[in-house]
Amino acid sequence: MTGNAVKVKEVVLRKLQMRLKNPFATSFETMQDKTFCLLEVIDENGNIGWGESVASDLPLYNEETVKTNQHILEDLLIPDILGQTIGHPDEISERFSPIRRNNMAKATIETAIWDLFAKNNRMPLSQALGGKKKEIQVGISIGIQDTTKALLNQIEGFLTQGFRKFKIKIKPGKDVGVLREVREVYPDIPMMADANSAYTLKDIDHLKQLDDLNLMMIEQPLDHDDIVDHAVLQKEIRTPICLDESIHSVKDAMRSHSLGSCKIINIKIGRVGGLTEAKKINDYCKQVGMPVWCGGMQEAGVGRAHNIAVTTLDQFTLPGDTAPSSRYWDEDIIEPEVTMTGGIIQVPDKPGIGFEVNREMLEKFAVYEKAFKL
Ligand SMILES: O=C(O)CCC(=O)c1ccccc1C(=O)O
Ligand SMILES: [Mg+2]
């Protein structure tokens, strides 16, 4: 779509520190205190666009951290767009392409420009992206629990709230046995597992046991940057492989499809460098008939709002990880907060991300702030 251009007059970079309600354990870390970059981009008309980075303090999910984000944003990306007139947000990823990777830093600015562009054209971000859904189905990601009883209690609670997909984090020693016990209690719930690269091809015979558990998919069982071994594994197991960490671009999606590395892709806006690339992956996967869904990185409200918008695209056919604000936060940074009824989130029809940022919450959680003006 064409539309009114955006002229960037001012950018404010903040770092926020927020504490999750409970620790969240994956196969590679247990996290409860989250620090992240939040970007406010102001245009010459005083409209404001917001972008949230999903990079955390340590480079355990990918190579980026809050500090690498700060460097790339302050020293390269913000100076590059300050004072510029952006005809369409699709230009941003092209503009930033000489810089290698650093996708989460790039996405922080690119998503803010998308928000600003949608506001300037007085339309919801979902509409600016070409999304048609007015409501989205919601899944839940459940961290590794100390006991199976604790996991079953969590599932019971989330079932009553109406969640549509149950993603269970696994690792060696807390995988097949735990999932089997869950299946004995809940034989039919839509369930998947996420290994966050905890296995290797030496575990093929062990992973074959997942095929008896009627899983929707096994997410990222092997190396974070692999699509070759995943193709070998997919030929050995019936359970569809979903790739998360391995997919950084539409080219990775194309390579994975042609090799047979996966049958489903978890799209995360930050991991792929922004909404334009996420849309390209959506469009390619629609062309080849590969389902996609929107993953999460325990975002605060701005990131959550962008995830809702991208989930309205047509190939996002499976419930994502975009749970309500209350999943992780006693207080979120947006108002209203993201809420859910019966496993459904209503897509906002206000301009841009459709939520206001609560500046009192920014004051409360910000540990760093720097303004960039012409
Ligand atoms: O935001 C959510 O609820 C999903 C959280 C999640 O699964 C996750 C959280 C941190 C790092 C990686 C992942 C993942 O999806 O692999
Ligand atoms: Mg994952």
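**Entry 1: the magnesium site.** I looked up the protein donors of the magnesium ion (ligand 2) in this predicted model and found Asp194 (OD), Glu219 (OE) and Asp244 (OD), which lie 2.0 to 2.3 Å from the ion. I took donors as N, O and S atoms within 2.8 Å of the metal (3.2 Å for Na, K and Ca), and because water is not among the atoms, sites may look incomplete. In sequence I read the spacing of the donor residues as D-x24-E-x24-D. Glu219 lies in strand β9 (residues 218-219) and Asp244 in the loop between β10 (241-243) and α9 (250-259), so this pair ties together parts that are 25 residues apart in sequence. For these elements I used DSSP runs numbered from the N terminus, with helices as H or I of at least four residues and strands as E of at least two.

**Entry 2: burial at the site.** I noted that Glu219 is buried, with a relative accessible area of 0%, and that Asp244 also counts as buried at 0% relative accessibility. Here buried means under 20% relative accessible area, exposed over 50%, and partly exposed in between (1.4 Å probe, protein chains only).

**Entry 3: conventions.** I kept in mind that residues are numbered from 1 along each chain as its sequence is written, and that chains are lettered from A and ligands numbered from 1 in the order in which they are written. The model is predicted, with local features needing pLDDT of at least 70, side-chain atom pairs counting only at pLDDT 80 or more, and totals for chains, interfaces and linings using all residues, while side-chain values use heavy atoms and leave out hydrogens and water.

**Entry 4: helix α11.** I checked helix α11 (residues 301-311) and found that eleven of its eleven residues are buried, so the helix is largely enclosed by the rest of the structure. Among them are Arg304, His306 and Asn307.

**Entry 5: Ile113.** I located Ile113 in helix α3 (residues 103-120), where it is buried with a relative accessible area of 0%. Leaving aside neighbours within four places in sequence, I found Ile113 in contact with Val8, Val41, Ile81, Ile86, Pro89 and Ile92, contact meaning heavy atoms within 4.5 Å.

**Entry 6: the whole protein.** I recorded twelve helices and 16 strands. The radius of gyration is 20 Å, close to the 21 Å that the globule rule gives for 374 residues, so the protein is as compact as a globular protein of that length; the radius is taken over C-alpha atoms, and the rule is 2.2 Å times the number of residues to the power 0.38. Buried residues make up 60% of the 374 residues.
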